Amino acid sequence: MIVTFCGHRDFIKTDTTEQILTALLERYAQENDELICYCGGCGNFDGFAAECLRQLKERYQNIRSYLILPYINPEYLERLGVIKKFYDDTIYSPLENVPKKYAIIRRNEWIVDNADVVIACVKYSWGGAAKTSQYAKRKKKAIEYLPTFSR
């Protein structure tokens with residue numbers, strides 16, 4: 001099973017969202033021989049998901065997490081040590097011919113296309129998380145919604 005995540009850059013973690021996400025991922029890990037998680041690595045929600053996965057991987061050996069890169073640049077290469085702390089590996093989605101300004105959008109679509117389930121925490125109707133969530137709906141993907149956060 002492949003799971004991915006969709007949430008806002010300014011996400012604020014709560015005990016409730018942590019409990020729900022952990023329970024969902026734990027259930028998927030228990031129900032499947034292998035749980036593959038595709039992560040975007042941008043913003044607070046992605047960091048939150050990566051941290052929950054890192055903690056669960058201590059108990060479940062069948063969880064693998066991958067950072068899906070929208071492009072290759074020196075910033076990512078410099079961060080590889082930090083990246084390896086949270087992810088098992090990186091994957092560069094097939095975006096060589098996509099202009100850099102569209103790379104994250106296309107990367108998100110590639111992730112959704114290749115995932116079985118999207119775990120979303122979308123509060124706003126604009127921005128990348130909203131577009132990704134809407135794309136997942138159009139593609140008829142299974143979507144698990146986490147409660148939205150408050151400022």
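Begin by selecting Arg 59: with a relative accessibility of 53%, Arg 59 counts as exposed (buried means under 20% relative accessible area, exposed over 50%, and partly exposed in between, with a 1.4 Å probe and protein chains only). The model is predicted, so local features need pLDDT of at least 70 and side-chain atom pairs count only at pLDDT 80 or more, while totals for chains, interfaces and linings use all residues. Residues are numbered from 1 along each chain as its sequence is written, and side-chain values use heavy atoms, with hydrogens and water left out.

**Stop 1: from Arg 59 to Glu 26**

Add Glu 26 to the selection. Glu 26 and Arg 59 form a salt bridge, with their closest N and O atoms 2.9 Å apart (a salt bridge is a side-chain nitrogen of Lys or Arg within 4 Å of a carboxyl oxygen of Asp or Glu). Because Glu 26 belongs to helix 1 and Arg 59 to the loop between helix 2 and strand 3, the pair ties together parts that are 33 residues apart in sequence. Helices (H or I, at least four residues) and strands (E, at least two) are DSSP runs, numbered from the N terminus. Glu 26 is partly exposed, at a relative accessible area of 22%.

**Stop 2: the other salt bridges**

Which residue forms a salt bridge with Arg 27? Select Glu 144, whose closest approach to Arg 27 between N and O atoms is 3.6 Å. Arg 27 lies in helix 1 and Glu 144 in strand 6, so this pair ties together parts that are 117 residues apart in sequence. Both residues are partly exposed: Arg 27 has a relative accessible area of 35%, and Glu 144 has 25% relative accessibility. Adding Glu 31 completes a network of salt bridges that links Arg 27, Glu 31 and Glu 144.

Next, move to helix 2 and select Arg 54 and Glu 51. Their salt bridge has its closest N and O atoms 2.8 Å apart, and the two residues are 3 residues apart, about one turn of the helix. A search of the whole structure finds 8 salt bridges. Side chains of opposite charge can pair when their charged atoms come close.

**Stop 3: the two sides of helix 1**

Select residues 15-31, which make up helix 1. This helix has 17 residues and reaches 24 Å from its first C-alpha to its last, close to the expected 24 Å (1.5 Å times one less than the number of residues). Which residues of helix 1 are buried? They are Thr 17, Leu 21, Leu 24, Leu 25, Tyr 28 and Ala 29. These residues cover an arc of only 135° around the axis, which puts them on the same side of helix 1; the arc is that of the directions from the helix axis to the C-beta atoms. Rotate the view to find the exposed residues Asp 15, Gln 19, Gln 30 and Glu 31 on the face turned away from the buried side.

**Stop 4: Leu 25 and the nonpolar core**

Select Leu 25 and display its surroundings. Leaving aside neighbours within four places in sequence, Leu 25 is in contact (heavy atoms within 4.5 Å) with Val 3, Phe 5, Leu 35, Cys 37, Leu 53, Leu 56 and Ile 119. Leu 25 is also one of the residues that touch the most other members of the largest nonpolar core, which has 29 residues. Such a core is a set of buried Ala, Val, Leu, Ile, Met, Phe, Trp, Tyr and Cys residues joined through side-chain atoms within 4.5 Å. The largest share of this core, 7 residues, comes from helix 2. In soluble globular proteins, nonpolar side chains tend to be buried together.

**Stop 5: the cysteines**

Now select Cys 39, which is buried at 2% relative accessibility. The closest cysteine sulfur, in Cys 37, is 6.1 Å from that of Cys 39, too far for a bond. A disulfide is a pair of cysteine sulfur atoms within 2.5 Å, and the count by this rule is 0 disulfides.

**Stop 6: Ser 93 and helix 5**

Finish at Ser 93, in the loop between strand 4 (89-92) and helix 5 (100-114). Is Ser 93 buried or exposed? Ser 93 is buried, at 0% relative accessibility. Beyond neighbours within four places in sequence, Ser 93 is in contact with Ile 68, Leu 69, Arg 107 and Trp 110. Arg 107 and Trp 110 are among the buried residues of helix 5.
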